[in-house]
Amino acid sequence: MNDYGAELKYHRLIRNKTLNQIEKDTGISNVNLSRWERGQVVPNIDFCIILADYYGISLDELVGRDTP
């Protein structure tokens with residue numbers, strides 16, 4: 001099983017974004033973003049779609065899923 005939190009954090013950090021910046025740009029609470037990155041909670045698909053669109057990547061890329 002992938003470490004989804006680490007993948008979410010990776011995509012944020014390579015874009016030099018803070019949790020507050022993402023909250024401002026997407027409306028997703030930085031508290032929720034932080035919980036997801038620490039692996040305390042898994043985000044639902046709706047939030048994953050928002051983040052994937054925001055980063056300009058696929059859902060597979062967002063969660064570190066290798067496609068065949």
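## From one loop residue to the whole fold

Arg15 sits in the loop between helix 1 and helix 2, the latter spanning residues 19-26, and this position is a convenient place to enter the structure, which is a predicted model. With a relative accessible area of 26%, Arg15 counts as partly exposed, because the buried class is reserved for values under 20% and the exposed class for values over 50%. Once its neighbours within four places in sequence are set aside, Arg15 is in contact with Tyr55 and Ile57. The C-alpha atoms of Arg15 and Tyr55 are separated by 8.4 Å, although these positions lie 40 residues apart along the chain.

The next residue to consider in this loop is Asn16, which is likewise found between helix 1 and helix 2. Asn16 has a positive phi of about 55° although it is not a glycine. Most residues other than glycine have a negative phi, and that is why such a value deserves a second look in the model. Asn16 is also exposed, at 66% relative accessibility.

Moving back into helix 1, which covers residues 4-13, the reader comes to His11. His11 counts as buried, at 7% relative accessibility, and, not counting residues up to four places away in sequence, its contacts are Tyr55, Ile57, Glu61 and Leu62. Tyr55 and Ile57 therefore appear in the contacts of His11 and again in those of Arg15, with His11 being buried and Arg15 partly exposed.

Helix 1 also contributes to a salt bridge. How many salt bridges does a search of the whole structure find? There are three, and one of them joins Arg12 to Glu37, with the closest N and O atoms 2.6 Å apart. This pair links distant parts of the chain, since Arg12 belongs to helix 1 and Glu37 to helix 3, 25 residues apart. Both Arg12 and Glu37 are buried.

A second salt bridge is formed by Asp25 and Lys17, whose closest N and O atoms are 4.0 Å apart. Asp25 is partly exposed, with a relative accessible area of 43%, and Lys17 is also classed as partly exposed, at 25%. In the remaining salt bridge the side chains of Asp60 and Arg65 meet at 3.1 Å, N to O. Asp60 has a relative accessible area of 24% and so counts as partly exposed, as does Arg65 with 46%.

The aromatic residues give another view of how the helices are connected. A pair of aromatic rings is described by the distance of the centres and the angle of the planes. A search of the whole structure finds two aromatic pairs. Trp36 and Phe47 form a tilted pair, with 5.3 Å from centre to centre and 45° between the planes. Because Trp36 lies in helix 3 (residues 30-37) and Phe47 in helix 4 (residues 45-55), this pair ties together parts that are 11 residues apart in sequence. Trp36 is buried, at 5% relative accessibility, whereas Phe47 is partly exposed, at 28%. The rings of Tyr54 and Tyr55 have their centres 5.4 Å apart and their planes at 55°, so this pair is tilted as well. Tyr54 is partly exposed, with a relative accessible area of 25%, while Tyr55, the residue already met as a contact of Arg15, is buried at 10%.

Helix 4 also holds Ile45, an exposed residue with a relative accessible area of 51%. Together with Ile49 and Leu59, Ile45 makes a nonpolar surface patch of about 240 Å².

With these local features in place, the chain can be considered as a whole. The protein chain has five helices and zero strands, so that from the N terminus on its elements run α-α-α-α-α. For 68 residues, a compact globule would have a radius of gyration near 11 Å, and the value of 11 Å for the protein chain agrees with this. The C-alpha atoms fill a box of roughly 35 × 25 × 20 Å, taken along the principal axes. Buried residues make up 28% of the 68 residues, and the chain exposes about 4,500 Å², of which carbon and sulfur atoms supply 49%. Among the contacts with a separation of 6 or more, 51% are between residues 24 or more positions apart.

Conventions. Residues numbered from 1 in each chain as written. Predicted model: local features only at pLDDT ≥ 70, side-chain atom pairs only at ≥ 80, totals over all residues. Heavy atoms only, no water. Helix = DSSP H or I, 4+ residues; strand = E, 2+ residues; numbered from the N terminus. Buried < 20%, exposed > 50% of the residue type's maximum accessible area, 1.4 Å probe, protein only. Contact = heavy atoms within 4.5 Å. Phe/Tyr/Trp six-rings, centres within 6.5 Å; stacked < 30°, edge-to-face > 60°. Patch = residues over 30% accessible without salt bridge, like charges linked within 9 Å, V, L, I, M, F, W, Y side chains within 5 Å. Areas by Shrake-Rupley, 256 points an atom, 1.4 Å probe, with all protein chains shown as cover. Rg over C-alpha atoms; globule rule 2.2 N^0.38 Å.
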